[in-house]
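Colleague: I'm new to this one. Could you show it to me and take a few questions?

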Amino acid sequence: MPTRQMKESSEQHLVIKTHLQNFMNQVQKAPKTAPNGKGPPPQESHNTKNKGRRRGRGGRKVDQGDVCMRPSSRHCTVAPKPVSENPAGALVASTPNGSVENGGNLSGMEMSFPASSKSLSFAPRPGFGQVGTKCIVKANHFFAELPEKDLNQYDVTITPEVSSRALNRAIMEELVRLYRETDLGARLPAYDGRKSLYTAGELPFTWKEFKIKLVDEEDGIKGPKREREYEVVIKFVARANMHHLGQFLAGKRADAPQEALQILDIVLRELSTKRYCPIGRSFFSPDIRRPQRLGDGLESWCGFYQSIRPTQMGLSLNIDMASAAFIEPLPVIEFVAQLLGKDVLSRPLSDSDRVKKALRGVKVEVTHRGTVRRKYRVSGLTAQPTRELVFPVDDNSTMKSVVEYFQEMYGFTIQHAHLPCLQVGNQKKANYLPMEACKIVGGQLYTKRLNERQITAFLKVTCQRPRDRENDILQTVQHNAYNQDPYAKEFGIKISEKLASVEARILPAPWLKYHEAGKEKDCLPQVGQWNMMNKKMINGMTVTRWACINFSRSVQESVARGFCNELAQMCQVSGMEFNLEPVIPIYNARPEQVEKALKHVYHAAMNKMKGKELELLLAILPDNNGSLYGDLKRICETDLGLISQCCLTKYVFKITKQYLANVSLKINVKMGGRNTVLLDAISCRIPLVSDIPTIIFGADVTHPENGEDSSPSIAAVVASQDWPEVTKYAGLVCAQAHRQELIQDLYKTWHDPVRGTVSGGMIRDLLVSFRKATGQKPLRIIFYRDGVSEGQFYQVLLYELDAIRKACASLEPNYQPPVTFIVVQKRHHTRLFANNHRDRSSMDKSGNILPGTVVDSKICHPTEFDFYLCSHAGIQGTSRPAHYHVLWDENNFTADGIQSLTNNLCYTYARCTRSVSVVPPAHYAHLAAFRARFYMEPEMQENGSTGGGAKGMRAPGESGVRPLPALKENVKRVMFYC
């Protein structure tokens, strides 16, 4: 295996156990050919016309260890692994993945979570892409001049300990106000709100203690306000070396000096933190743009995202517009009225559970005490109305009503005693506040899921055309006036006010192949789109036995029949063989009886066909169908083994050709067909895919929504099952521990009483199914991994690459196809804009950059192999390019190779005739993971609790997670998730 990506360190060299030493010696002595059949195990034969081109295509020998999973007639060559000696004289093998290649041990231990992230370095950039039409685009990155001063870090300890960052900041602000000119040597420090303080240049001390007094503004009814004293200790910790950062930005160092970047980030956030409401990396304010009501007591606030990033042009400040939903700062009674959509002043509260859920955890301030606006966090609602509430006022259990107490204590007459009280503070000590005496505190982010109406209102506010977004970004930078920022000045940071101009290229769209029977046999998409007119699917499937079930009361049988007939005809026109008549008449059913109805149709069809399987079930659903869709998919895919296609009532009544064509595309791939393939794939012209059997994986993990504390995360892996076309993807899913990002089930072993240790897992199963489908074993792996943040790159790569290695090695010894591991990111804030908004030829209809626009210079990583690709045409709003980061590359892709492959794959998405924004395998994995959430049993969705044990041992970190019900075999093989 090539080791060009490895750092020289003892951590990369793995001691091989005794039972492997003989094997390694044999590998070293293995002859290049084995005419007598006594050499290494035979290699699977493949397309002979590609013989001899491997090296030229792949840039490396790929036939090392290409041992087949079952014997065939052809012999193979085994290239020796580089073997070196360690000081103790033990044999060690240098492998790029950090694991012994029999799927064995790392330093003698079973590897679950790797001990070190230093044991590998990411793939270096192999050069820049050249393919495509060159152009200039603008990016929302602003050049930041590097300070020349060294930055110092100090540790801050505040006693008594404070949990609120806002209070920490208030204490430090007071300290700087009092001591800046004296004890702090005229320095203006930046503070992270927790434990760290940063200065440009040293403070006059290495350790000092300060006493700070703060007045509690919320305290007291009358008389003097209470003062609190805090002890603050500031202690020197370290100096951040700007020289290292300079070298890293110049590409002379591979490791990013995170501390220096973090300090600069905090410095540039300091002023905005004081001015605005900070949430994560963004800042929000009702003053940036007037808040817009979203309904049910919520409003949207406008803000901006800010982050300092190391790029090829040096340090860059990434600024983007942001929006978020906040709880409207209303009087609580008004909030409740909005939430319930009715007047609550004159009648008892009807839906107290909903109100309790909405208010729990929300901060309120009291309004009945004049200028004293004490703040509390709501913990619940009282079960009784205010007029019935009493509580003990002294140790003798003297009871007093809430109404009396507020009248006597504050002279406040409670008007709406029929409403419950808010319970605030500690649950044990009852603390009641009447709703009418409370107002919601402003600036509270809403973290729960928005409903459909709110999402529509939110998108209306946030959806901005590229030109408007660009102007808003420029205005934000000017308004923030970084050059006047006292903190930026203190630290010597200068920020440009111009968007970065970046060289880009527009990659050509690929030719697509359709069936020879159609008028148009191939097609060149225009601006990221095309249609099915005059074309037939390249592999249209046959559907003879199908049924339809109608769950919508408003759809009469004749209408349903007409719809099914039109859909069947569209399937025929598109290239499928589709029987126009269902096996049994359309069956009407009630949504609440979904299981009973599905089983009835399934068995009735089986009886009619004398035991033959039903191939497809069409289902007409009400537009608002609650859990019906999920229940139907769960029963069909994990219980009955039925492929289903759901259609909403609104489309049944308003049939369009476009809708029917899209549904027919979905039906064909669910039946195991292909809609189109890349012409280059058919003619074997895709570099590093067409030359040898190549499998492309997509993987993603979806996590439960905020507030669901115990639901499991769902991992999904899909893999191409055809070669050289790489268009069909089989998918597998599994549940794993709550918010676990590493995919636990990629490879696993368990003990079977009869067979001993058994290997399994998603990678292994998909490699085997590729072999069954194509008759070849994969000799190259390309792995697109979605949903990983930068902070998790090392961990995910170490763990998952190791799992891929072990899965391969478990199939046969020395089977290690070279792996390219690419992370796909959509949740970033880089936006690309046309250089000239008046030049219509440089944009699509929506004013966005053209599909195929790729950027791999200036705003990309200084040394690593990453690029931005906008592969789709915009529809509305500003297009978000996908960011691809090649973390590991044993296939030696060129920049053009991986960029063109990724862009071309985006034209093979099965569900529509448009190129998509994310490479399809990653998108399919996301769809499969989303689908699998419906498979969790209803009670499991509540608590993610334990239950029926999985076959064999649980993977690390997965204990206590009930496995998902297994997909039926016939479902697994096709693109059921489409």
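Colleague: Are tyrosine 729 and tyrosine 924 buried or exposed?

Modeller: Before that, a caution: this is a predicted model, where local features need pLDDT of at least 70, side-chain atom pairs count only at pLDDT 80 or more, and totals for chains, interfaces and linings use all residues. Residues are numbered from 1 along each chain as its sequence is written, and side-chain values use heavy atoms, with hydrogens and water left out. Buried means under 20% relative accessible area, exposed over 50% and partly exposed in between, with a 1.4 Å probe and protein chains only. By that yardstick, tyrosine 729 and tyrosine 924 are both buried.

Colleague: How are the rings of tryptophan 301 and phenylalanine 326 arranged?

Modeller: Rings of Phe, Tyr and Trp (its six-membered ring) pair if their centres lie within 6.5 Å; planes under 30 degrees apart count as stacked, over 60 as edge-to-face and the rest as tilted. For tryptophan 301 and phenylalanine 326, the centres are 4.2 Å apart and the planes sit at 15 degrees, so this pair is stacked.

Colleague: Which strands does that pair of tryptophan 301 and phenylalanine 326 link?

Modeller: Strands (E, at least two residues) and helices (H or I, at least four) are DSSP runs, numbered from the N terminus. The two residues are 25 apart in the chain, and the pair joins strand 16, home of tryptophan 301, to phenylalanine 326's strand 17.

Colleague: How far apart are the end C-alpha atoms of helix 18?

Modeller: The expected span of a helix is 1.5 Å times one less than its number of residues. Helix 18 has 13 residues (762-774), so it should span 18 Å, and the model agrees: its end C-alpha atoms are 18 Å apart.

Colleague: What is the N to O distance in the salt bridge between arginine 177 and glutamate 174?

Modeller: A salt bridge is a side-chain nitrogen of Lys or Arg within 4 Å of a carboxyl oxygen of Asp or Glu. Both residues lie in helix 3, 3 residues apart, about one turn of the helix. Arginine 177 counts as exposed at 59% relative accessibility, while glutamate 174 counts as buried at 18%. Their side chains meet with an N to O distance of 2.9 Å.

Colleague: How many residues apart in sequence are the parts tied together by glutamate 790 and arginine 309?

Modeller: Their side chains meet in a salt bridge at 2.5 Å, N to O. Glutamate 790 is in the loop between strand 41 and helix 19, and arginine 309 is in strand 16, so the separation of the parts they tie together is 481 residues.
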